[in-house]
Amino acid sequence: MDTIGDYLTRVRNAIKANHKIVDIPASGLKKEITKILKDKGYILDYKFEESKVQDNIKIALKYHPTT
């Protein structure tokens with residue numbers, strides 16, 4: 001499974017669907033990519049949510065029409 005491709009596809013699809021936020025299953029690599037996207041200004045913000053089942057990343061998308 002291509003986890004980075006899945007991550008980027010989820011973000012791209014959320015932008016195309018005009019979503020403000022996208023939820024992505026977390027991993028260490030995805031967390032680091034998310035931090036870089038925030039630092040470079042590609043996303044508004046993010047939040048890491050820990051769970052017993054699967055950690056999650058909530059990403060606030062920058063390119064939503066109302067932002």
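**Exercise 1. Place Ala14 in the predicted model.**
Task: Decide whether Ala14 is buried or exposed, and find its contacts.

Solution.
Step 1. Take the relative accessible area of Ala14 in this predicted model. The value is 5%.
Step 2. Compare with the cut-off: buried means under 20%. Ala14 is therefore buried.
Step 3. Locate the residue. Ala14 belongs to helix α1.
Step 4. List its contacts, leaving aside neighbours within four places in sequence. Ala14 touches His19, Val22 and Leu61.
Step 5. Look at the partner Leu61. Ala14 and Leu61 are 47 residues apart along the chain, yet 8.3 Å separates their C-alpha atoms.

**Exercise 2. Follow the contact to Leu61.**
Task: State which element holds Leu61, and what surrounds this residue.

Solution.
Step 1. Leu61 sits in strand β3.
Step 2. Its relative accessible area is 2%, so Leu61 is buried.
Step 3. Set aside neighbours within four places in sequence. Leu61 is then in contact with Val11, Ala14, Ile15, His19, Lys20, Val22 and Leu44.
Step 4. Check Thr34 as well. The C-alpha atoms of Leu61 and Thr34 are 11 Å apart, with their positions 27 residues apart along the chain.

**Exercise 3. Describe Thr34.**
Task: Find the element of Thr34, its burial and its contacts.

Solution.
Step 1. Thr34 is part of helix α2.
Step 2. Its relative accessible area is 0%. Thr34 is buried.
Step 3. Again leave aside neighbours within four places in sequence. The contacts of Thr34 are Tyr7, Ile43, Tyr46, Ile57 and Ile59.

**Exercise 4. Read the fold.**
Task: Count the helices and strands, then write their pattern along the sequence.

Solution.
Step 1. Count the elements. There are 2 helices and 3 strands.
Step 2. Put them in sequence order. The pattern is α-β-α-β-β.
Step 3. Judge the overall size. The radius of gyration is 11 Å, close to the 11 Å from the globule rule for 67 residues, so the protein is as compact as a globular protein of that length.
Step 4. Add the extents. The C-alpha trace spans about 35 × 25 × 20 Å along its principal axes.
Step 5. Add burial. Of the 67 residues, 22% are buried.
Step 6. Add the contacts. Take those with a separation of 6 or more: 51% join residues 24 or more positions apart.
Step 7. Add the surface. The accessible surface is about 4,700 Å², and 54% of it belongs to carbon and sulfur atoms.

**Exercise 5. Build the sheet.**
Task: Give the strand order, and explain why β1 and β2 each have one side without a neighbour in the sheet.

Solution.
Step 1. Recall the principle. Strands of a sheet pair through backbone hydrogen bonds, either parallel or antiparallel.
Step 2. Write the order. The sheet is open, with strands β1-β3-β2 and antiparallel pairing.
Step 3. Find the edges. β1 and β2 (43-49) each have a single partner strand, so one side of each lacks a neighbour in the sheet.
Step 4. Add the turn. Neighbouring strands are turned by 20 degrees against each other on average, direction ignored.
Step 5. Inspect one pairing. β2 and β3 (residues 56-61) pair in the antiparallel sense over 6 bridges. Opposite Phe48 stands Ile57 of β3.
Step 6. Place the helices. α1 packs on the sheet and touches β1 and β3, with its direction at about 165 degrees to that of β1. Helix α2 (residues 28-39) also packs on the sheet and touches β1, β2 and β3; its direction makes about 155 degrees with that of β2.
Step 7. Look at the connection. β2 and β3 form a hairpin, with 6 residues between them. Asp45 stands opposite Ala60 in β3.

**Exercise 6. Classify an aromatic pair.**
Task: Decide how the rings of Tyr46 and Phe48 are arranged.

Solution.
Step 1. Count the pairs. There is 1 aromatic pair.
Step 2. Take its geometry. Tyr46 and Phe48 lie 5.0 Å centre to centre, with 40 degrees between the planes.
Step 3. Apply the cut-offs. Under 30 degrees is stacked, over 60 is edge-to-face, and the rest is tilted. The pair of Tyr46 and Phe48 is therefore tilted.
Step 4. Check exposure. Tyr46 is partly exposed at 25% relative accessible area. Phe48 is partly exposed at 29%.

**Exercise 7. Spot an unusual backbone angle.**
Task: Say where Asn18 is found, and what its phi is.

Solution.
Step 1. Asn18 lies in the loop between α1 (3-16) and β1 (21-25).
Step 2. Its phi is positive, about 60 degrees, although Asn18 is not a glycine.
Step 3. Its relative accessible area is 45%, so Asn18 is partly exposed.

Terms used. Residues are numbered from 1 along each chain as its sequence is written. This is a predicted model: local features need pLDDT of at least 70, side-chain atom pairs count only at pLDDT 80 or more; totals for chains, interfaces and linings use all residues. Side-chain values use heavy atoms; hydrogens and water are left out. Helices (H or I, at least four residues) and strands (E, at least two) are DSSP runs, numbered from the N terminus. Buried means under 20% relative accessible area, exposed over 50%, partly exposed in between (1.4 Å probe, protein chains only). Two strands pair if DSSP finds at least two bridges between them. Axes are lines fitted to C-alpha atoms, for helices over the stretch in contact, and angles run from 0 to 180 degrees between N-to-C directions. Contact means heavy atoms within 4.5 Å. The radius of gyration is taken over C-alpha atoms; the globule rule is 2.2 Å times the number of residues to the power 0.38. Accessible areas come from the Shrake-Rupley method with a 1.4 Å probe; for residues, only the protein chains shown count as cover. Rings of Phe, Tyr and Trp (its six-membered ring) pair if their centres lie within 6.5 Å; planes under 30 degrees apart count as stacked, over 60 as edge-to-face and the rest as tilted.
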